[in-house]
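Good morning, everyone, and thank you for making the time. I would like to take you through one structure, beginning with a single residue and then moving on to the pockets.

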Amino acid sequence: MSAITDAISLLKRQKWVDLSHSVTPEIPYFPAFKPIETETLFTVEKDGFFANQYTVATQYGTHIDAPIHFAPNTRTLEEIPVSEFVLPLVVIHKEQAVAENHDYRLSVQDILEFEAQYGEIPAGSFVAFASGWSKRWQDNAKFYNKDESGQAHTPGWSLEALQFLHSERNVAAIGHETLDTDSALDFVKNNDLVGERYWLTQNKFQIEVLNNLAELPPIGGAIFIGVPKIQGAPGFNARVFAVVPN
């Protein structure tokens, strides 16, 4: 036995929470992409083994955005070291605020209020914005949340909050439940995803379309991120989970 195997034993006694959505052609997705397509190549009955071929955009379902997704001359997916795929987890819960205002923008003041209660966010952490939006996942219309004019209303990070997390707290990565880092209204206002572009330009990654954040405590947990090692990839669908105290 070793300290590592003892740590695994400890983790097994904690609460494990799957933070990824299942992938199907029916799930919500970024409108520039297409739903996943599946072709069965071989079957057990006919060929002795089962294999499928999938055609899917790199940013589909719960996924990682590598910095290169928005920022030239930054890290691609396989260039992110595996040590960054296990991180201390901080969850800022704003479900009630988002329920009252679908256009909610997580602010620096929200972060400071969080820290007043739970302590300063440690450098190297993964910070997740829990908006409750994943509860809309089974209803595409509710997830996109467009009004009668076609304008979407979804929450997001403010640019100032992202700048604070990078420059003042040096967190390693961020995550959220929506399809985009920015609120839908901010995207329209700026004609760009300025928050997402800022974050990835810092050569840091993010996880989008997270699930089950409402089950997580604000502090004390860890996040684990599983991704394929595809050369040059700007991201990919990810299996993400958290281990938190019972």
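**One residue, then two pockets**

Leaving aside residues up to four places away in sequence, Glu 215 touches Lys 15 and Val 17. I should say at once that this is a predicted model, so please keep that in mind as we go on. Glu 215 sits in the loop that runs between β10, residues 205-208, and β11, residues 221-226. Is Glu 215 buried, partly exposed or exposed? Its relative accessibility is 42%, and therefore Glu 215 counts as partly exposed. If you follow the chain from Glu 215 to Ile 230, the two are 15 residues apart, and their C-alpha atoms are separated by 31 Å.

Let me turn now to the pockets. The largest pocket holds about 430 Å³ of space, and of the 21 residues that line this pocket, the closest to its centre are Pro 31, Lys 146, Ala 152, Asp 180 and Ala 184. Two elements, α5 (140-144) and α7 (184-190), give two or more residues to this lining, with the largest share, 3 residues, coming from α7. Sorted by class, the lining of the largest pocket consists of 13 nonpolar, 5 polar and 3 charged residues.

The second largest pocket has a volume of about 170 Å³, and among its 17 lining residues those closest to the centre are Phe 30, Phe 33, Gln 59, His 69 and Asp 180. Here the lining is made up of 9 nonpolar, 4 polar and 4 charged residues.

Note on methods: Residues numbered from 1 in each chain as written. Predicted model: local features only at pLDDT ≥ 70, side-chain atom pairs only at ≥ 80, totals over all residues. Heavy atoms only, no water. 1 Å grid on protein atoms, 1.4 Å probe; cavity = no way out; pocket = protein on both sides within 12 Å on 5 of 7 lines; lining within 4 Å. Points joined across faces, edges and corners; volume = space filled by probe spheres on them. Helix = DSSP H or I, 4+ residues; strand = E, 2+ residues; numbered from the N terminus. Nonpolar A, V, L, I, M, F, W, Y, C, P; charged D, E, K, R; others polar. Buried < 20%, exposed > 50% of the residue type's maximum accessible area, 1.4 Å probe, protein only. Contact = heavy atoms within 4.5 Å.
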